[in-house]
Amino acid sequence: MSTAKDADWRGLLLRRLPADEVTRLERLLLADPQALAALRDAEIDLHDDYARLQLSAAEHAAFPAALLSTSEAQSRQRFSQAMKPLPQEARRGQRYQPLVRPRSRYGRRTAFTGVLVAIALGLGIWTLRPELITGASRHERSAAAPAASLAAEPTLLLLATAVPGGARQPVNVVLRAGARGLRVQAEVTHTEEARLYRIRLLDAADATKALLDIGGLPLQTAKDFRYVEIVLPAEFLAGSTRRLQIDSLPPAGPFSDHWLIRAETTDQPPIEVPSP
Amino acid sequence: MNSDAGYAALRDRLQALFSLHRPVEAAALADEALTRWHASAAEAADASLAADQLHRIARDLLAAVPAPAAPLPTADSSDDEDDALFDPATRKALRACFATLGTDAAKLILGYYEFGSDGGGNAVAARLRRRQQLAARLGMSTEALRDRALAIRAELEACVCARCAAGGDRA
């Protein structure tokens with residue numbers, strides 16, 4: 001009887017294997033009692049890795065279609081999201097720390113007249129001119145390191161203006177050649193406590209053409225910052241201007257906002273960011 | 001393969017196979033495959049032969065059942081029932097359920113699902129190494145450890161589902 005590694009099951013679940021390999025693994029699944037447990041183990045790990053943003057850009061892009069298409073699968077993903085802080089909390093002895101959901105201070109948002117863009121790298125956050133943003137990590141990563149953490153990738157903060165959906169200047173992003181993706185945190189100034197959002201990445205020239213369409217994204221909070229996070233694969237950003245569209249999902253009332261992202265790639269070394 | 005447990009295990013495996021292609025209809029397709037297998041009079045006692053027969057039947061069924069039209073999840077794929085499982089209610093329920101686990105089970109699940117981002121590099125390889133070390137420490141095989149972790153996680157998920165369904169104030 002043939003055998004399978006964890007990577008094989010992950011590839012099967014993400015639908016990234018050739019047909020003959022799919023056939024081999026399906027037969028193994030039916031013949032070997034241990035194979036089902038290995039498959040379930042791999043599926044849970046994929047959900048956890050997705051929740052922790054530990055999938056490669058290609059895996060991350062393949063995940064929603066492969067493993068979020070049913071309500072049962074979405075429930076599993078929410079469980080993984082809930083599991084995420086458990087080890088750290090247990091280590092700190094804070095398992096029963098009360099949940100705090102800060103309220104957004106909408107009144108202060110009126111001070112914003114445009115989009116502010118910041119990149120968070122490591123422990124620091126710097127506000128930069130949009131044209132200075134580099135979207136690449138300093139570490140060149142190959143496609144052969146599929147589960148390398150995206151934690152070191154830069155984060156693009158798309159901050160809200162006073163009026164959601166209002167006109168804004170496009171956000172210019174420069175990605176280094178070889179960058180896998182760009183983590184984006186889109187601020188939500190929804191007057192309701194909506195829990196789930198949908199993010200679409202559209203071709204700005206043709207808003208009917210969706211390059212990415214992911215629903216069921218959770219609202220996240222960091223102190224007063226309420227946002228929805230997504231990692232955009234670099235290949236979806238290259239080319240022309242993209243429109244990042246965020247919408248609330250039922251049963252909450254409507255909320256909609258969008259930003260234009262103009263990305264280009266460069267072979268130049270990343271711009272040095274001074275220590276704070 | 002004649003015992004009820006054997007059939008149930010085979011059905012589980014078939015359902016897992018169909019879930020890879022038609023997640024919504026997987027259970028019904030597994031039942032249909034087993035029905036066809038029994039009716040074919042070619043039911044093999046040997047596990048490997050039986051797997052080949054069932055795989056052929058499964059593939060025929062998949063070819064006959066049209067694939068769903070929209071592969072990407074959209075706003076419509078999230079309903080109220082799912083919403084009830086979402087954070088923070090899910091997290092709150094998880095904490096409550098986690099507190100009901102025994103110490104050994106709690107340690108095992110934390111050790112098994114701890115993630116290795118701090119190790120850098122390949123997180124999958126780091127996780128595998130950590131689980132091997134955990135199994136060695138606990139004096140069990142990695143397969144036995146995996147089965148135990150899956151069982152505890154399933155128990156936790158069921159507990160969280162039950163608490164969320166019963167209402168947030170209980171969690």
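This report looks at two nonpolar cores, one helix pair and one buried serine in a predicted model.

## Ground rules

Local features need pLDDT of at least 70, side-chain atom pairs count only at pLDDT 80 or more, and totals for chains, interfaces and linings use all residues. Residues are numbered from 1 along each chain as its sequence is written, while chains are lettered from A and ligands numbered from 1 in the order in which they are written.

## The cores

A nonpolar core is a set of buried Ala, Val, Leu, Ile, Met, Phe, Trp, Tyr and Cys residues joined through C-beta atoms within 7 Å. Buried means 20 or more other C-beta atoms within 10 Å of the residue's own, placed from the backbone. The largest core has 35 residues. Leu29(A), Leu14(B), Ala33(B), Leu54(B) and Ala58(B) touch the most other members. Helices α1, α2 and α3 of chain A and α1, α2 and α3 of chain B each give two or more residues. α3(A) gives the most, with eight.

A second, separate core has 33 residues, including Leu158(A) and Ile230(A).

## A helix pair

α2(A) and α1(B) (DSSP runs of H or I, at least four residues, numbered from the N terminus) pack at about 160°, with axes 8 Å apart. Axes are lines fitted to C-alpha atoms over the stretch in contact, and angles run from 0 to 180 degrees between N-to-C directions. The pair is therefore roughly antiparallel (over 145 degrees). Glu26(A), Leu29(A) and Leu30(A) meet Arg13(B), Ala16(B) and Leu17(B) in this contact (C-beta atoms, placed from the backbone, within 7 Å).

## A buried serine

Ser248(A) is buried, with 22 other C-beta atoms within 10 Å. Its C-alpha atom is 6.3 Å from that of Leu196(A), 52 residues away along the chain.

Methods
A residue is buried if 20 or more other C-beta atoms lie within 10 Å of its own, exposed if 12 or fewer, and partly exposed in between; C-beta atoms are placed from the backbone. Angles under 35 degrees count as roughly parallel, over 145 as roughly antiparallel, 65 to 115 as roughly perpendicular and the rest as oblique. Two residues are in contact if their C-beta atoms, placed from the backbone, lie within 7 Å.
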